[in-house]
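Grab a pencil and work through these exercises with the model on screen. Try each task yourself before you read its solution.

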Amino acid sequence: MSKNMYQKLTEDYAKIKRYVKWLYVLYELNTQIAICEPWEKVFLNVLLGSCVSLILYASYAFVPGYCVTVFQLLWPLNSMENLTTVCNTNIDGFCGNESGSVIT
């Protein structure tokens, strides 16, 4: 029983490996990287990865704040607290959350 399961797992792994290789070849052909030299491929892959990571970081850092602003503009509620405020000051004037904001 375990030998049959092992064979099934190895076949599934081989299929996934072939599928990932096929996707990479498709990526190379669609971006015309396939005709480049190896050092050019590395440079272009790093450049594309950097652009994608900057877009993802900007989406993580700025889009939630914009969404809150749009939400407040479209549905202004007087009883709603300011969602952008992360600090509620206590009696001493210090913030209850002293971890600080990562994104300024």
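## Exercise 1: a pair within one helix

Lys 8 and Asp 12 form a salt bridge, with their closest N and O atoms 3.5 Å apart. This is a predicted model, where local features need pLDDT of at least 70, side-chain atom pairs count only at pLDDT 80 or more, and totals for chains, interfaces and linings use all residues. Residues are numbered from 1 along each chain as its sequence is written, and side-chain values use heavy atoms, with hydrogens and water left out.

**Task.** Work out how Lys 8 and Asp 12 are placed in helix α1.

**Solution.**
- Step 1: recall the rule. A salt bridge needs a side-chain nitrogen of Lys or Arg within 4 Å of a carboxyl oxygen of Asp or Glu.
- Step 2: find the helix. Helix α1 covers residues 2–30; helices (H or I) are DSSP runs of at least four residues, numbered from the N terminus.
- Step 3: count along. The two residues are 4 apart in helix α1, so about one helical turn separates Lys 8 from Asp 12.
- Step 4: check the surface. Lys 8 is partly exposed at 48% relative accessibility, and Asp 12 is partly exposed too, at 29%. (Buried is under 20% relative accessible area, exposed is over 50%, partly exposed is in between, using a 1.4 Å probe and protein chains only.)

## Exercise 2: a pair across two helices

**Task.** Which residue forms a salt bridge with Glu 28? Is Glu 28 buried or exposed?

**Solution.**
- Step 1: look for the partner. Lys 41 forms the salt bridge with Glu 28, and the closest N and O atoms are 3.5 Å apart.
- Step 2: place both ends. Glu 28 sits in helix α1 and Lys 41 in helix α2 (residues 38–74), 13 residues apart, so the pair links distant parts of the chain.
- Step 3: read the accessibility. Glu 28 is buried, with a relative accessible area of 11%, while Lys 41 is partly exposed at 22%.
- Step 4: list the contacts (heavy atoms within 4.5 Å). Leaving aside neighbours within four places in sequence, Glu 28 touches Ile 33, Ala 34 and Lys 41.

## Exercise 3: two rings

**Task.** How are the planes of Phe 71 and Trp 75 arranged?

**Solution.**
- Step 1: count the pairs. The whole structure has 3 aromatic pairs.
- Step 2: use the numbers. The ring centres of Phe 71 and Trp 75 are 5.2 Å apart and the planes meet at 45 degrees, so this pair is tilted. (Rings of Phe, Tyr and Trp, its six-membered ring, pair if their centres lie within 6.5 Å; planes under 30 degrees apart are stacked, over 60 edge-to-face, and the rest tilted.)
- Step 3: check Phe 71, which is partly exposed at 35% relative accessibility.
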